[in-house]
Amino acid sequence: MGMLMSIMFLLLLSFKLKWELRFWCLMFFSFMMLKYLKVDCSGMDEFYFYFDKISSILILLSFWTSSLMLLSSYYSVKMLNNKVDFFSFCVLGLCFVVVIFFLVENMLLFYLFFEVSLIPTLMLILSWGYQPERLQAGMYMMLYTVSASLPLLLCLLLLGYREGSYSMSIMYMLSNNTIEFYWVIGLLLAFLVKLPMYFFHLWLPKAHVEAPISGSMILASVLLKLGGYGIMRFVMLFKFLGSIYMIMIIIISLWGGLLTSIICAGQSDMKSLIAYSSIGHMGMMLVGVLSGFMIGWEGAILMMVCHGMCSSGMFCVGNLVYEKINSRSLFLCGGMINYNPMFSLFMFLFCICNMGAPPFINLVSEIMLYISLYMYSGFLLFFILMMVFFGGLYNLIFYVMINHGEVMSFMKVLMTNKSSEHLLLSLHIIPLLMFILNVGYITEVYI
C-alpha cells in the first residue's frame with residue numbers, strides 16, 4: 001500500500017527534476033520488490049488484495065519496465081519537450097493500474113483494472129505514435145480487447161449472482177468440475193486476446209508498429225502478461241485443466257506459434273518481426289500453463305519474466321536504429337558492426353537471448369516448457385524442433401541484415417552513442433544474466 005500511495009504522490013509532483021525523480025523512485029520500488037519474491041507459497045490476504053509469488057514477480061517486472069520507459073523516452077519526449085508532463089502521467093498511471101490489477105482479489109475489480117489499463121496505452125499510441133496509421137492501430141486494439149472482454153464481464157456477473165460472492169478465494173472453494181464450452185469461451189476469451197493467442201493476434205503487430213518506444217515496451221513487457229496472469233488465475237479457479245477444450249487451445253497455440261515463427265523469417269520491418277516473435281513465445285507460455293505439469297507452470301512464469309525483459313530490449317534496439325537513420329526497414333541497414341561495434345554487441349546479446357541460447361535465463365524457461373510439452377504428448381516434439389529452428393533463423397536474419405553486408409552511405413550517423421542508451425540496454429540485459437545464478441528464486445511457485 002505504501003508503494004501505491006507513493007506512486008500517487010509522484011503523480012502530483014511539480015518541480016524541475018520531477019522526470020528524474022520519478023525514474024529513480026520507480027527503480028527503487030523495483031529493488032524493494034525483490035524482498036517480496038520470498039513470500040509464502042500460500043500468499044497473503046489483506047482486505048481486497050491478494051499477494052502471492054506470481055503477483056510479486058509481475059509487479060517487479062511492471063516497476064522495472066515503467067522506469068525503463070522513462071529512460072528510453074528521454075530524448076524523444078524530455079529533450080524535445082514533447083508533452084513531458086502528460087507522458088510521465090500516462091506512464092505512472094499505467095504502472096499504478098497494472099500493479100493494482102496484479103493485487104486485487106475481487107473479480108469485478110479484477111475486470112475493471114484489466115480494462116482500465118487500455119486507456120493509458122491508447123493515449124501513448126495516439127499521442128506519441130510515429131505515423132497517421134496509429135489511429136487505425138488504436139481502434140484495432142480497442143475493438144479486439146473490449147469486444148472480447150464483454151463475455152468475461154457477463155460470466156463474472158452470472159457467477160457472482162449464482163455463488164453470492166465475487167471473491168476469488170470463495171469461488172475457488174465453491175467451483176465445480178463441470179465446465180461447459182460457453183463458460184470456457186466467456187471466461188478465457190478476453191485473456192486469449194490480450195495474450196495474444198493465434199487467431200486473436202491481429203491487433204498486436206499493428207499496435208506495436210505504430211506505438212512509440214515506450215508503448216511498445218509496456219505492451220510487450222507488461223500488458224501481454226495481463227492475459228497470461230488472468231489465464232493462470234482462472235485455470236486454477238475454475239478447474240479447466242484436462243478438458244477437451246484445453247487440448248484444442250494447445251493445438252491452436254502451437255500451430256500458431258510455428259506459423260508466426262515462419263512469418264518472422266520473412267519480415268522486413270524490425271518492429272513487425274519482434275511483435276510476431278512475441279506471439280510464438282506467448283503461445284509456448286500458454287501451452288506450459290495448460291499442460292497441467294508443475295514444470296510447465298514454472299516454465300510459463302519464467303517465460304513471462306524473460307520475454308518481458310528480452311522483447312522490451314529488442315524494441316529498444318530497433319528504436320535506437322530508427323532514431324539514427326529514420327527507417328525500420330531491414331533492407332536499408334547493413335554493415336553497422338563496422339561503425340558501432342558496441343551497439344552490435346548489445347544487439348547480438350538480445351538476439352541470442354530471444355532465441356533461447358545460453359547464458360541467458362530464457363534457455364531455462366524454454367527447456368522447462370519443452371519438457372512439459374513432451375510429457376503431455378510425444379507428438380508435440382515436431383512443434384518443439386520446428387520452433388527452435390525457426391526461432392534461431394529469424395533472430396540470426398535480424399542480426400545479420402543490420403550488422404553485416406554492404407555499408408550504406410548514411411550509416412555513419414550510427415557511430416555516436418549516448419551513455420543513456422548504453423544504460424538502457426544494460427538494464428535490460430543484466431537481470432536476464434543475473435537471475436540464471438539462482439533460477440529457483442523466481443520459480444518456487446505452488447498451485
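1. Pro359 lies in the loop between α17 (341-354) and α18. In this predicted model, the peptide bond that joins Pro358 and Pro359 is cis, with omega at about 10°. A second cis bond runs from Leu195 to Pro196, where omega is near -10°. Pro196 is likewise placed in a loop, the one between α10 (181-194) and α11 (203-210). Both assignments merit attention on reading the backbone, because most peptide bonds are trans.

2. The loop between α10 and α11 also holds Phe199. This residue has a positive phi of about 90° although it is not a glycine. Most residues other than glycine have a negative phi. As for its surroundings, Phe199 counts as exposed, because its relative accessibility is 55% and the cut-off for exposure is over 50%.

3. Helix α18, which follows the loop of Pro359, spans residues 362-376 and packs against helix α19, residues 381-403. The angle between the two is about 155°, and their axes are 9 Å apart. The helices are therefore roughly antiparallel to each other, since angles over 145 degrees are classed in that way. Tyr370, Leu373 and Tyr374 of α18 form the contact with Leu381, Ile384 and Val388 of α19. By class, the residues of this contact are 6 nonpolar, with no polar and no charged ones.

4. A further helix pair is α3 (residues 53-72) with α12 (residues 213-238), for which the packing angle is about 170° and the axes lie 9 Å apart. That angle makes α3 roughly antiparallel to α12. From α3, the residues in the contact include Ile54, Leu58, Leu61, Thr65 and Met69. From α12, they include Ile213, Met217, Val222, Lys225, Tyr229 and Arg233. The contact of α3 with α12 comprises 11 nonpolar, 7 polar and 2 charged residues.

5. The domain assignment of the protein gives domain 1 (1-238) and domain 2 (241-446). Taken over C-alpha atoms, the centres of domain 1 and domain 2 are separated by 21 Å. Their contact draws 49 residues from domain 1 and 50 residues from domain 2.

6. Where does the largest nonpolar core lie with respect to the two domains? This core has 156 residues, and those with the most contacts inside it are Leu187, Leu188, Phe234, Met347 and Phe398. Helix α15 (residues 294-325) supplies the largest share, 17 residues. Domain 1 and domain 2 both give residues to the core, so it lies between them.

7. Phe234 is among the residues with the most contacts inside the core, and its partners may be listed for inspection. Leaving aside neighbours within four places in sequence, Phe234 is in contact with Met107, Phe110, Leu152, Leu156, Met168, Leu187, Leu188, Phe191, Lys239 and Phe240. Of these partners, Leu187 and Leu188 are themselves named among the residues with the most contacts in the core.

8. Is Ser149 buried or exposed? The residue belongs to helix α8 (residues 134-163). Ser149 counts as buried, because its relative accessibility is 0%, where burial means a value under 20%. Beyond its neighbours within four places in sequence, Ser149 is in contact with Tyr111, Phe114, Glu115 and Ala190.

9. Two tyrosines may be set side by side. Tyr276, in helix α14 (residues 270-290), is buried, with a relative accessible area of 16%. Its C-alpha atom is 8.1 Å from that of Leu204, although the two residues are 72 apart in sequence. Not counting residues up to four places away in sequence, Tyr276 touches His201, Pro205, Thr260, Ile263, Cys264 and Gln267.

10. Tyr75, by contrast, is partly exposed, with a relative accessible area of 41%; that value falls between the 20% and 50% limits. This residue is found in helix α4 (residues 74-79). Its contacts, leaving aside neighbours within four places in sequence, are with Leu80 and Glu323. The C-alpha atoms of Tyr75 and Ser420 are separated by 9.4 Å, while the residues stand 345 apart along the chain.

Technical notes:
Residues numbered from 1 in each chain as written. Predicted model: local features only at pLDDT ≥ 70, side-chain atom pairs only at ≥ 80, totals over all residues. Heavy atoms only, no water. Axes fitted to C-alpha atoms, helices over the stretch in contact; angles between N-to-C directions. Helix = DSSP H or I, 4+ residues; strand = E, 2+ residues; numbered from the N terminus. Parallel < 35°, antiparallel > 145°, perpendicular 65-115°, else oblique. Contact = heavy atoms within 4.5 Å. Nonpolar A, V, L, I, M, F, W, Y, C, P; charged D, E, K, R; others polar. Core = buried A, V, L, I, M, F, W, Y, C linked by side-chain atoms within 4.5 Å. Buried < 20%, exposed > 50% of the residue type's maximum accessible area, 1.4 Å probe, protein only. Domains from an automatic or database assignment.
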